[in-house]
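Visitor: I'm new to this one. Could you take me on a close look at a single part, chain A, and how it is put together?

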Amino acid sequence: MKCGLGGVPTVAFLCAALFSCAAVRAQDGPDLAALEQTAQKRGLEWEALAKDMNDRVARILPCDPRALAAVNEVSQASEARLAALADYLRAVSSQAFAETAAARNLLSAEEKRAVEASLERADAGQEQTAVDTQSDALALSVKQRTSLEVPQKLLGQIAEMIRQRATSTEQQAAGADAAVALLRDLVAKFEARDVALREEFAASEAERARWNGYYAARRARAQIECSITQIGATRRQGKQ
Amino acid sequence: MTRCRLLSALACCATAILVGQTGRDAYRQAYTVWQQAQANLERDAGTGGASQVAQADRSAAAATTFEATRTAYFKSATEEVAQRRKLLRTAAVRSSPDAIPPAVGDLASSELQTVTRAINKFATDKDPAIQQVRQSMERERVALAALIDTIQARQKTVAGISAAAADLEQARTKTAAAFDQQSSLLSQTVAQMEREGPAWSGYYERLAQAIQTVNAPAPEPAPPVAISTNIAPEAPRDESAGRIPLVRYVGEWTYPVTNGIFHGTPPVAMQLEVHENNGHAGGTLVGRFKPTAGVTDPVVQFTFDGDFSATPTQKFNLMTNDGTTGTIELIPGPAFNLLEVNFQTGLRPNKIRNGNFILVKK
């Protein structure tokens, strides 16, 4: 499908619709602010529990079920925090990728537009040549028919208008190439942003696994502390 | 006003067809048609006559079509471009560094210090149970150390995001400014094009008038001028400056079977005959309109006469076959073979009282 400006209006309409769809998709994604807020809330909940976990557990006897429950509570809050964070980062990535796709589409359309701009520059040049030829011919005819002086003056004004427009199209064509180069660089930056987001997500997931590993080790320690206490008590009972 | 509407309708029809056809190709095609229509017009204007007037009319129509087609295309392109460049106007999305509690790293480090201290405390204790606890603490320490590594790695990626997002924002702002300038230049071009259309119409009108100036009866016949390269002295000026050749009015005219142009009641068939004798005009019009509310007799038939004037619009008195009087205007059309007719009669109950349409020369 051709998305350039030279396409039939139907194609141009479809292209515009696709651009709109991409934009709408990017806008209609999950509510990032709400997801971020949830992640922050879960983070605060976890932080409140985690920072005094050791103090709380230290005041409970090893085999008191509240000891293991305290570790489990923090572990669950940690998992809830990290799950909310993953949801948020996943939504950010999804929206970012949609943006990058739209930027690539824009680049493709603007590259075609730059070609159109250079064709328009050529067209304006052709029109300028044509009107200059007309002016030259009319200048000769005026010598035969003085009544042609008025149209000659008008033709001169038109030639000046076309010259001005040719200058505009010249600037436009030159600027279009430079703008496309900037856009190409921008697409690369969008892609770099996406790579950074992917890396952040991967690192966050690795951290999630490590937090789970730590809490598993912490639970294991609580269970060992309880088991050795019970062994000690059994030995004491046996001696009696 | 009515005349303008009718004449512009011709150009608009052609424009609508071309715009509906394609984009750039359409206006380039219209440009080619225009250039062909006006070929050598200026060269021949010094010596030409009626055929150059007709050529000027054709060129004016072709220029109007070209300008309208091109302007429509560029306006559409401008809107399309503005729509898709909206992407550049909004900041790019990035993850917020605030989504993670800042104390995460400190908390893990604090846990590591606590467990390390406990491990050291039990280091010299030989009790097997204590050693078992110490080993579990060692596993916890290893888990925390690994966790701290991943926290640091993740913090580096957050810094990477911040750098990438800052780069992206800077590039986006710069690119948006460049495309804003492009949009501005495009709008400027469209505005310039919109001025060119009326300028060309005015030019061709004045050109046709200038050519006719010499074509009117001259006091003395000018020596024939063979070709434009042979530069002749100034052509004799005619006293009846601005007079349209009689051939633009005289003759037999008919309403086209299809695609007729009219204003008001639609004609079905029209036949007009105009003759001239020593500057005096006479003629007949016979025709039929589509029946409309309040009109039971849609047939019209009248004769008219009067003297030709020096103005382009010729106005004559008419008399219908039932004796009602009125006036008729004959106005040369945009092309040589087109004539606009505008008539009005006195009160004629249930009959047509006025009509406005363009006829084609037979």
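Guide: Here is a walk through chain A, from its helices to the side that touches chain B.

A word on the ground rules: this is a predicted model, in which local features need pLDDT of at least 70 and side-chain atom pairs count only at pLDDT 80 or more, while totals for chains, interfaces and linings use all residues. Residues are numbered from 1 along each chain as its sequence is written, and chains are lettered from A and ligands numbered from 1 in the order in which they are written.

Chain A has five helices and zero strands, where helices (H or I, at least four residues) and strands (E, at least two) are DSSP runs numbered from the N terminus. Following the sequence of chain A, you read α-α-α-α-α. Chain A has 240 residues, and 37% of them count as buried, meaning that 20 or more other C-beta atoms, placed from the backbone, lie within 10 Å of the residue's own. Now for contacts (C-beta atoms, placed from the backbone, within 7 Å): take those in chain A between residues at least 6 apart in sequence, and 84% join residues at least 24 apart.

Let's zoom in on one pair of helices. In chain A, helix α2 (residues 32-50) packs with helix α4 (residues 65-142) at an angle of about 160°, their axes 8 Å apart; the axes are lines fitted to C-alpha atoms over the stretch in contact, with angles running from 0 to 180 degrees between N-to-C directions. That angle makes α2(A) roughly antiparallel to α4(A), a label for angles over 145 degrees. The crossing of α2(A) and α4(A) is left-handed, so the near helix is turned anticlockwise from the far one by less than a right angle. Where α2(A) meets α4(A), the residues come to 14 nonpolar, four polar and six charged. Here Ala, Val, Leu, Ile, Met, Phe, Trp, Tyr, Cys and Pro count as nonpolar, Asp, Glu, Lys and Arg as charged, and the others, Gly among them, as polar.

Finally, look at where chain A meets its partner. The contact takes 89 residues from chain A and 83 residues from chain B. On the side of chain A that touches chain B, the elements giving two or more residues are α1 (9-27), α2, α4 and α5 (149-239) of chain A. The most comes from α5(A), with 46 residues. By class, that side of chain A divides into 49 nonpolar, 21 polar and 19 charged residues.

Notes:
A residue is buried if 20 or more other C-beta atoms lie within 10 Å of its own, exposed if 12 or fewer, and partly exposed in between; C-beta atoms are placed from the backbone. Two residues are in contact if their C-beta atoms, placed from the backbone, lie within 7 Å. Angles under 35 degrees count as roughly parallel, over 145 as roughly antiparallel, 65 to 115 as roughly perpendicular and the rest as oblique.
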